[in-house]
Amino acid sequence: MKGRRHMSLYFDQQDREILSLVNRILDAPSAAFVEGLIEPELHPHGIQEMVTSQASRMAAATVNLLRNLEGGGSSARGRLCALQTLFDEVMASAHSWLRRNTARVLLQIMKEMVRAHGDTQEQLRLARAFRQTALGRPRVVRRMLALYHLAEMPEDWNQVAFDNHVYDVNTKGRKTPTHLIMDAWIKGMGCLTVLYDNCIEMEAAGELLEAAAITGMKVRVGIEYRVPFYGRYVSLLWVPRGFSSSRDFMAFMDSPAMQAMQQRGRGVLHWLREHAMQVLECWNDRQRPELEARWKVSIPPASVEDFLDFLGRHHSFMLRLAEYLHQLVLPALRQRAQQLAPLAAGGDAAARAEIDELEHLTSDVILHSWLSVDKFPELPDVQVPSLEESVPELRRISMGELVRQLRALTPGYRLTLCTDGLDAADVIELIWDCQGGITHLELFNTKSWMAGELTHIREISELQQILNHGMGPHMKQMVRQIIRRLEAEHNEERLPKFQEILRDIPQLWETYRHTPLKTRLGSNAATRLRTFGMGLAIRETLPRRGVAALSGKNASTPPIPIYSPVEEHFSYTEPEHPTPCQQALSRLRFLPGGNHLGMERHRCWVAASEGCRYAPDGNILALGGHSIPAPNALLPPAETHHPRPGLGQLNSAVCDTLKVLAGFFPAFFTFLYTQEWWVLAWFGAFIWFGITGVRNVLQMVMAAQGFTRGSLTHWKEHVSVTRLCDSLMFTGISVLLLEGILRVLILQDIFGITIADSPIIVFSVLNIINGFYIFSHNVFRGFPRTASIGNLFRSILAIPVSSLGNTCLFYLLLFCGIADPLVYLTPSAAIVSKLASDAVAALIEGFADSQANLRMRRRDYWQKLRRVFDCATRLELLFPREDALNKLARPGGLGGRGGPEAARLERALIISALDLQYFWFYQPRAQEAFRQVLRSMSPADLRVFFRSQLVLLREKEISQLMVNGLLGHNFSKPLVFFLNNNGSYLRAMTRLCRIAEGRSAHAAAEGRTGQTA
C-alpha cells in the first residue's frame, strides 16, 4: 500500500491512459487493432479528436508499421496508410518553431514505447516524455534529440543528408520499405538509394516510392550486380533515372527489355537459393551432429519448408539461412549455457569462456564460421567466379559486356563501381573495359570503412581527380607505375591490357574530362545486428548543434576522410498562400531595395559530387553511429529494480504545486521584509500573483479567441494550468529580484535612489531588468521568438505606462483626501511596475500566441483545401460532362457510378467537410484564419469549396457512415456534433463565400477599370 501511495506521486493520469491505449493496441489481434484508429483521410486536428487521442492514433500507426513485416499486398497498403497517419500526426502536433525536429523525436519515442512493451515503468517514462516533447519546447526537444542520438536538422529541411547504398528487408536489410523510409526521415535524410540483388521487387519498389512521396523524400531504386574480376566478384550498382514520376519508372520496369533483364536476375536468385538449400542439407548431415556432441544438447534438424516460410519473399539466401539457423539453435544455446552456469559460478574459467562464446554467437558469426566454404568442400563456392554452365549467365559475363547491355536498356542511368577491396589499378582497368559506362565511384561506404576494406581510398580519389581534370601526363605516370609493378610481379595476365591503356591514354581521360566521374557515398547498411546505422550528411548544411552532436567527443564513429564541396544559394519566391502581412508588404516593393518584400526566402545547398575527394579533415558526418552487437542473453538476467522515478516524473498536480510554492515563498517573505505598510507586507504576494494569474488567463483565452460567439469551446479549455503555474513561479522569483535585491538593496541602500526622489530612474531600472529577466525565462520555457524578443521592448514600453500609472494613483490618493500619497506609493513601486509590465506583456505575448494559433490554423485549412481541390479535379476527370460536385450534395450522391475510384473520392470529400466543420467550431482562431484563407482564394476556388461543403446536406448517409465505423465504435459524440451544428455551419459558409466572392469581383472590376484608364 505504501508503494502504491508512493507511485501515485509520479506520472499523470494522461500518462497512464497513453500506456493503457498503447498496450491495448499491442495486445489486440493484428486485424482488430487498426479499426477506427488509422484513417489517412482524417485530419489530426479534425473531428477524430472527439473520439481518439493523438497518442492512440500514433501508437496504432506505429504498431501497424512495425508489425507488418511481410511485403506486398494488403500488408504493404496497411503500412503506407500507417505511415501517412503517423506522418500527419507528428507534423501537426508541434506547436513551436522546431516543428520537424519535434516530429522526429515524437516518432522515435513512440517506436521506443512499442518496443518497451511489458516494461510498465519504462513505458510510463516514455509516455511522459512523449507529452512533454509534444509541447515543442526547444529545450525539451533538443534534450530528447541528444538522448536518442539524433542530430538537430534545419527546420527549412534543406540539409544535404543522404545515403546512396542501403537495402530493405527484401534483400539484406531488416526493415520493410515503409519502415526504412520512416527511419531515414527520423535520422534527417532527404535522399536515399535503395538497392536490390540482381532484380527489383516490383511491389517493394512501388511501396518504397509511395512511402517516399508521403514524407517528401527523394528515393532512387537500383540493382546490385556482381561481376567476375580476376577470381572474385566486384559489385556494380545500376540506378536507372530520367523518369518524370514514379509511374514512369514502374512503366519502364514493365517494358519487355527490362522484364527480360529481370528474368535473368531471377535466375541468379534461383541459383543462390538452390545453393542455400544444399548448404542447409549439409548442415543437417554434418554440423548439427557435431554441435550436439560438443554441447551435449539436442538440436532440432533444419527443415527446408520451415526455412522457406522464414525466407518469405526475401533474397540474400545465405544471410537468411544464418538467421534461420540462429533462431533454430537458440534454445540449445540457452540449455548449454544453463549447464555451464554452475561451473562458471564456481570459478571455472573454461566454462565462463564458453558461455561468452555462446552469448556472442550471432547470425553474422554463424554466416562466417558455420556456413563458410571450408565447412562444405564438396559444394561449389558461389563467391568465386566460375565459367561452368551451371552458373547463371549473368554471373559469367564480364563487366564491359554487362555495361553494354545496361546501356541498351535506357540512356539515363547511374552506374556506380563499388571500390571496396579494389586498388587504383583495378579501377583503371574496369573503367577501360566499360569504355566510359561507369558514371560514379563509390569512394566510401560505412560498412567497408569499419571493416578496413577501403585501404586504397586515397589513390582511387587521386585517380578520379586526374580523370576529371584531364591531367594526361599525370595519368600516364600512374599507368607506368602500375606496369612496372606488374612486371615485377610477373603478372602476364594483366600486363598487356595496361600496355594497351598506356598507348591510348587520351581515350581514357577524354571520356571523363567533359563528363566528370562523380562520387557516390553510402553506408551499405544491411546487417540485422545494427553495428552501424545508415545516413551521411555534409557538415556545412547542418545547424551548429547538429554538427556538435555528430562530431563531438561523444560521436560513436571515427572521422570520415571525405570532403565534398558544397555551395550555398538563396532564392525568393512568392508565397503559395500569402498571409495578410505578406500581402501588405508586397504593395511596398516599389520602394528602393524592396524588391523582395512579402516574398519567402529560401536557402539551398548544392553539392558537387565530381569534386568529392579524399581529405583527412573531411566534412562528411555519419548520422547512424556505431554500436556493439547485443549478446544472445542466454542466461536469465538478475532481478533488477527500476530506480525510483525522478523529479521529472512527478505528476502534474505535484509539479504545479511545487512551482507555485517555489514562487510564492520568495515573494511573500520579500514583501514581508521590505514593506512597512501592513497591507503590502502581508498581502503583496497575493496581489502580485493575482495580477500575473489574471493576465495569463486573459492572454491565453484572447489568443485563442475563446470568447468567440460561434465557438463551441469553453474559455477554460484554452487555459494551460502548467503554463500558468510556470508564470507564477517565475514571477514570484522576480519579486525577490526586483523588490528585495534591486530596489531596496541596490538602488535604495547602496545608491540612495528612491521612488520619492527619482521615480523615472527607479521605474526605468526596474522595467529594464525585468525585461531581460522575462526574456531569459521565455527563451528557457520555449516561448515563440516573437514573444521572447518582444519582451526586450516590453521594458521600454512599460516605463511610460508605469510612470503614468504612478501619477494617476498620486492624484487619485490626493482626491481621496490622503495628505501624503508618497507614503503609500513609495512601497507600492514594485506593484505599479508589475501592473504596467503585465499590461504590456498581455499585448506582446497575446499577439505572439495568437499568431502561432493563426499559423497552425492556416496550415490545417490549406492542407484540407488542397485535398478538396485534388478530389474535385479527379471527379471532373471521371465525369467530364457532368457536374459531379453538385450531385454529391443530393441524396445518394453519385449512386455508385464511377467505380471504386469515385466512391473513394466521395468518401474523402465527406471526411474533409466534417474536418472543416470541426475546425470552425473547436479549433483556436479557426474562424479568423478561415476568413484570411477565403480572401486569398480565387472565385473559381471559392465555388469549388462551397459546393464541396454541400455534401454535408446528406445527413442520413453521413450519420450511417459514422455508425459503420468511420470514427470507430465511439461515434455518438461526433454524430451529435454533426447533426446539431450542420445547419449553422453551412449558413456561415454561405455568408462568408458570398462576401469573399463579392470582394473578389469588386477587386477584379477595379483592376479592369485601371487597365482601361
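**Salt bridges, surface patches and overall build of the predicted model**

The side chains of Asp 860 and Arg 857 meet in a salt bridge, with 2.8 Å from N to O. This pair is a convenient place to enter the structure, which is a predicted model. Both Asp 860 and Arg 857 belong to helix α31, where three residues, about one turn of the helix, separate them. Neither partner sits out on the surface: Asp 860 counts as buried because its relative accessibility is 3%, below the 20% cut-off, and Arg 857 is likewise buried, with a relative accessible area of 3%. Elsewhere, salt bridges that share partners link Arg 232, Asp 426, Glu 429, Asp 433, Arg 494 and Lys 497 into one network.

Side chains of opposite charge can pair when their charged atoms come close. In this model the count of salt bridges comes to 39. One of them joins Glu 41 to Arg 867, whose closest N and O atoms are 2.6 Å apart. Glu 41 is placed in the loop between α2 (13-27) and α3 (54-67), while Arg 867 is part of helix α31 (residues 829-878), so this salt bridge ties together parts that are 826 residues apart in sequence. Glu 41 is also buried, as its relative accessibility is 17%.

Another salt bridge stays within a single helix. Arg 320 pairs with Glu 323, and here the closest N and O atoms are 3.4 Å apart. The two residues lie in helix α13, three residues apart, which is about one turn of the helix. Arg 320 is buried at a relative accessible area of 1%, and Glu 323 is buried too, at 7%.

Helix α13 deserves a further look, as other residues help to place it. Ala 341 lies in this helix, which covers residues 317-345. With a relative accessibility of 26%, Ala 341 counts as partly exposed, because this value falls between the 20% and 50% cut-offs. Leaving aside residues up to four places away in sequence, Ala 341 touches Ile 355 and Leu 635. Ser 984 makes a useful distance marker: its C-alpha atom is separated from that of Ala 341 by 75 Å, and the two residues are 643 residues apart along the chain.

What does Val 297 touch, not counting residues up to four places away in sequence? Its contacts are Glu 292, Ala 332, Gln 335, Arg 336 and Gln 339. Val 297 itself is found in the loop between α11 (256-295) and α12 (304-311), and it is buried, with a relative accessible area of 7%. Leu 333 is 36 residues from Val 297 in sequence, and the C-alpha atoms of the two are 8.6 Å apart in space.

Turning to the surface, a nonpolar patch is formed by Leu 658, Leu 661, Phe 665, Phe 669, Leu 672, Trp 678, Trp 682, Phe 683, Phe 686 and Ile 687, which together have about 1,000 Å² of accessible area. Two helices, α25 (652-674) and α26 (678-703), are the elements that give two or more residues to this patch. Phe 669, for example, lies in α25.

The surface also carries a patch of positive charge, where Arg 931, Arg 935, Arg 991 and Arg 999 gather. Helices α34 (926-935) and α37 (972-1012) each supply at least two residues of this positive patch. Arg 999 is found in α37, and its relative accessibility of 41% makes it partly exposed.

These local features can now be set against the protein as a whole. The predicted model has 37 helices and 13 strands, and its C-alpha trace spans about 115 × 90 × 65 Å along the principal axes. Of the 1013 residues, 52% are buried. Among contacts with a separation of 6 or more, 77% are between residues 24 or more positions apart. The accessible surface comes to about 46,200 Å², and carbon and sulfur atoms account for 58% of it. Finally, the protein has 110 positive and 100 negative charges, and the mean positions of these two sets are 7 Å apart.

How values were computed:
Residues numbered from 1 in each chain as written. Predicted model: local features only at pLDDT ≥ 70, side-chain atom pairs only at ≥ 80, totals over all residues. Heavy atoms only, no water. Patch = residues over 30% accessible without salt bridge, like charges linked within 9 Å, V, L, I, M, F, W, Y side chains within 5 Å. Areas by Shrake-Rupley, 256 points an atom, 1.4 Å probe, with all protein chains shown as cover. Salt bridge = Lys/Arg side-chain N within 4 Å of Asp/Glu carboxyl O. Lys, Arg positive; Asp, Glu negative; His and termini not counted. Charge placed at Lys NZ, Arg CZ, Asp CG, Glu CD. Helix = DSSP H or I, 4+ residues; strand = E, 2+ residues; numbered from the N terminus. Buried < 20%, exposed > 50% of the residue type's maximum accessible area, 1.4 Å probe, protein only. Contact = heavy atoms within 4.5 Å.
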